[in-house]
Amino acid sequence: MALVTLWISILVVLLCGGPSLVGTESGDANSSASPTAAGLHCQNCPQLTLKVDFSTSIIEHEYIVVFNGYFTARARSHFIASALRSSTALDWHIVPRDNPASDYPSDFEVVQIRQAARESLLSLQDHPYIKRVTPQRKVFRSLNFFDDSPCNDTRWTQKWQSSRPLRRTSLSLGSGFWHATGRHSSRRLLRAIPRHVAQILQADVLWQMGHTGSGVKVAVFDTGLSEKHPHFKNVKERTNWTNEKTLDDGLGHGTFVAGVIASMRECQGFAPDSELHIFRVFTNNQVSYTSWFLDAFNYAILKKMDVLNLSIGGPDFMDHPFVDKVWELTANRVIMVSAIGNDGPLYGTLNNPADQMDVIGVGGIDFEDNIARFSSRGMTTWELPGGYGRLKPDIVTYGSGVRGSGMKEGCRSLSGTSVASPVVAGAVTLLASTVLNRELVNPASMKQALIASARRLPGVNMFEQGHGKLDLLRAYQVLNSYQPQASLSPSYIDLSECPYMWPYCSQPIYYGGMPTIVNVTILNGMGVTGRIVDKPIWQPYLPQNGDHIDVAVSYSPILWPWAGYLAISISVAKKAASWEGIAQGHVMVTVASPAENDSQVGGELTSTVKLPVKVKIVPTPPRSKRVLWDQYHNLRYPPGYFPRDNLRMKNDPLDWNGDHIHTNFRDMYQHLRSMGYFVEVLGSPITCFDASQYGTLLMVDSEEEYFPEEIIKLRRDVENGLSVIVFSDWYNTSVMRKVKFYDENTRQWWMPDTGGANVPALNDLVSVWGMAFSDGLYEGDFTMADHDMYYASGCSIALFPDDGIVIAQTLKDQGLEVLKQETAVVDNVPILGLYQTPSEGGGRIALYGDSNCIDDSHRQKDCFWLLDALLQFTAYGMTPPSLSHSKNRMAPPTSTERPLPERLEGNHLYRYSKVLEAYLGDPKPRPLPACPHLSWAKPQPLNETAPSNLWKHQKLLSVDTDKVTLPNMRAYRPQVRPLSPGESGAWDIPGGIMPGRYNQDVGQTIPVFAFLGAMVVLAFFVVQLTKVRSKPKRRKPRVKRPLFLQQSPQTHTGRTPTV
């Protein structure tokens, strides 16, 4: 009995008191013995919060001249001189660039032109060897480290501090490493060894197989690296591309990124034996130029880099020299990994270059597998307004509280997608070193392996997690059984699968609705260039009602580099107008690429991929429930400088989120869906939709002009029963000239091309009903219909029909504050108007002067209740009593002493407008474009059953992960020893690798088998004890036998028990 008690006591200690031995998860997070809890206020923890500000500005008089090929410096100078010879430019010269790429041919030059700049630019662009001329850009990044929280605290303190016109946030929050994992608590026998992200992702399994990144060249574009940093053993080259005479890292950011990728000790990286190439592209003052990046990119191509990490980004996907150079990099087989951005949780905040198809865009999660709040969300906005955004990010991984190398020595923890990016870059480097045939590794095949092996996070949609969480070992298995092929991202379309397929799954489709567009990316692992053979084929499944939908397909004529698009437009067939159910089919696409190693001239590799399609169809809803969102007249940065709608947001002055119902108006869309409305998007002119199908046209924050034909058609539509709701914003030319969006970092002025909205264009649209907005600019808190409201830089109503309803409020004159720095309160500012048109069966019109209350970007107080009330008015003619009988109701302003707003003289809106074009210095409307016409694919029906699980049904072709086995790591695990006081939490192992280092939570087989074995032993003794107590007659002989056996060996050995 004593022996049983002893065994049970030992097992209790092992199971309850020693999770550090088996690495099991404890549920007691508040244990008094937990170093996780006790360590929250440690004194010497190198835990920092990093606040990053980014800005960019155009350098006056400097231009980047991009050529059609690579030429020597002498040839480039000759081309520029010959181009400018015909112009009047006298004061110009080529800006010298002293860097490692100066001795090699280049495809661009930086030219300074101080006289006759416009004429000179036209002369340069006309030269046959010059591809493009763009302004030189200066980039400023501010990295501010401060001790903001206890070392193991994981508080979200997102700050918007940047005062830049182009927000590029690379790192934001630092969070505690142990606490962020949320896995270990009680530590009675041993001190916990801090875990590093490489071990958490099980890189040590590949290390044990002899894969350590050897032979892979990694480029780190950042702030440099010290020459004798103790964490690195294989720094092949450090280059400086700045105007400072140093190669060292004066900020620590570049050192941290390099450490996550390739550190060999303490806070270990993924690939310690990789060849590390450090590109210092930022000064210690955190300044860079586009030309520095272009030169450094050219040098990376010349040195044949394999992997490139770029932990910066911004919204300017139309920065052509930069974007073109990224394409060139990937076309030269450089795998680029880039941070997706730290502008979450707002949607439509993806940064470039991570939003490009050929780049691996990385989002961030914490150690609880939650999407990090700071991680930017999709969709891409390149395709708006006519199309729909692509799926991004590609993948997510740990980016919160990750440990990396300190600037001189030691480790620290940082957070942000700029941390998640080197995690993936390090994993890619390690994976590339495991492939024997390196020719199989390219930007497409690596991305295919990562997304095919990613583990989907539950309850998270596709625009937050991409394809899921990085799984290093599964990616290794996929990559090492990979055959060149094409694949799709996403690999299937299921409009009924929520929440992953949000927003597609949030609204069923129906007959007569706008086509649902799904923008699919084609990844071509067979070669850098490819094409689609013939045309994609639509094959509906007849047993699953596939003939109830029509499909149109458009696609890239050429897949380059490594990728292209496949746009699927889905509509409901007329015979399903009153039908409800699920319809399925698939699209077949065949991709061909030139065979690089084929001895036959003109040989091709082909790959056929299948895109399953599954949709939910409902009967066409009534007209009153259908709302049409006007996307066509919303403009955003880039290419023009369109300002934010709230002038108080000086730290974020650009309107760059797309103004789409699935980006910065996502909450409004979700609210309307919850209220039973069906919301569709109009990506073409007003002349291109059937107004009889819709109850309300919703026009919010419109910056675009209107075609004369649109104005005429809208008047006719309203007479026939269409209603219109307009949410406007500020527009004041004096304020635009005064504000100019001064960038405090770069000390540059930016003149906006419109105000928050294009009020003069809106006035042209509604003037036929005697309505107009003013150029007044107001803000303030107030109460309307018992709801607290905030008016953020809105305008007022200048004119309204006398039989309409107008609501006024007392607000502050923000325009006066901006222009004269004076404060004034204005009574009876008309901000809301409701009007029933007089024609029989005519529609209704509602105007409101501010859109910030329904915009997610900087919303302080939502006014969704007001939108509900306006829709009740426009759809059903029901005027809410809280508005019609409001004490703030006033007589409509039927005349105005002040002139109505006029367009800013000399504005450049025509450069970015779909409506205007330049004409003798006075822009005029373009010819009305034809309405989009879809060519529906001819169906090839299949009389067979569709697959039931589209997600699991999809996988890469010719990949069998069962054939790629992983070693049993149990034999390689060393014993865990206690750490002496003051000893480092990481062990230094000669050679820079930790092949046998104990890693808690990573070797998952050890804790499982240890626990099961202990439970079996415990169960055995419990059963024996139970039998002894339940059978008293057999108790004596069963006890004597083990006592006899125990006493026998004592007799033979001559031992006598001691008392």
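Axes here are lines fitted to C-alpha atoms, for helices over the stretch in contact, and angles run from 0 to 180 degrees between N-to-C directions. With that in hand, let us work through some exercises on this predicted model.

**Exercise 1. A pair of helices**

Describe how α16 and α21 are placed relative to each other, and name the residues that meet.

*Solution.* Start with the geometry. Two packed helices are described by the angle between their axes and the distance between the axes. Helix α16 covers residues 666-674 and helix α21 covers residues 864-876; their axes come within 11 Å and cross at roughly 50°. That angle makes α16 oblique to α21. As for handedness, the crossing of α16 and α21 is right-handed.

Now turn to the side chains. From α16 come Asp667, Met668, His671 and Leu672, and they meet Phe864, Leu867, Asp868 and Leu871 of α21. Sorted by class, this contact has 5 nonpolar, 1 polar and 2 charged residues.

**Exercise 2. A sheet and its edges**

Work out the strand order of the open sheet that contains β15, and decide which strands stand at the edges.

*Solution.* First, the order: the open sheet has 4 strands, arranged β15-β17-β21-β20 with antiparallel pairing. Next, the edges: β15 (486-489) and β20 (549-555) each have a single partner strand, so one side of each is left without a neighbour in the sheet. Neighbouring strands of this sheet are turned by 25° against each other on average, direction ignored.

Then look closer at one pairing. Strand β17 (residues 516-524) runs antiparallel to β15, and 4 bridges join the two. Serine 487 has leucine 523 in β17 as its bridge partner.

Finally, add the neighbouring helix. Helix α13 (residues 443-453) lies across β15 and β17, and runs at about 120° to β17.

**Exercise 3. Following β33 to its partners**

Find the strands that pair with β33, and give an opposite pair of residues for each.

*Solution.* As background, strands of a sheet pair through backbone hydrogen bonds, either parallel or antiparallel. Take β32 (residues 805-813): this strand pairs with β33 (residues 825-836) in the antiparallel sense over 7 bridges. In that pairing, alanine 808 stands opposite proline 830 of β33.

Now take β34 (residues 844-848), which runs antiparallel to β33 and is joined to it by 5 bridges. Here glycine 833 stands opposite leucine 847 in β34.

**Exercise 4. A salt bridge between loops**

Locate both partners of the salt bridge formed by lysine 233, and explain what the pair ties together.

*Solution.* The cut-off comes first: a salt bridge needs a side-chain nitrogen of Lys or Arg within 4 Å of a carboxyl oxygen of Asp or Glu. By this rule the count comes to 36 salt bridges. In one of them, the side chains of lysine 233 and aspartate 273 meet at 2.6 Å, N to O. Lysine 233 lies in the loop between β5 (217-222) and β6 (235-240), and aspartate 273 in the loop between α9 (253-262) and β7 (275-280), so the pair ties together parts that are 40 residues apart in sequence.

**Exercise 5. Backbone details in loops**

Give the backbone feature and the location of methionine 379, proline 499 and aspartate 659.

*Solution.* Go residue by residue.

- The peptide bond from glycine 378 to methionine 379 is cis, with omega near 5°; methionine 379 sits in the loop between β11 (360-365) and β12 (395-398).
- The bond from cysteine 498 to proline 499 is also a cis peptide bond, with omega near 5°, and proline 499 lies in the loop between β16 (493-494) and β17.
- Aspartate 659 is not a glycine, yet has a positive phi of about 50°; aspartate 659 belongs to the loop between β24 (626-630) and α16.

How values were computed:
Residues are numbered from 1 along each chain as its sequence is written. This is a predicted model: local features need pLDDT of at least 70, side-chain atom pairs count only at pLDDT 80 or more; totals for chains, interfaces and linings use all residues. Side-chain values use heavy atoms; hydrogens and water are left out. Angles under 35 degrees count as roughly parallel, over 145 as roughly antiparallel, 65 to 115 as roughly perpendicular and the rest as oblique. A crossing is left-handed if the near helix is turned anticlockwise from the far one by less than a right angle, and right-handed if clockwise. Contact means heavy atoms within 4.5 Å. Ala, Val, Leu, Ile, Met, Phe, Trp, Tyr, Cys and Pro count as nonpolar, Asp, Glu, Lys and Arg as charged, and the others, Gly among them, as polar. Two strands pair if DSSP finds at least two bridges between them.
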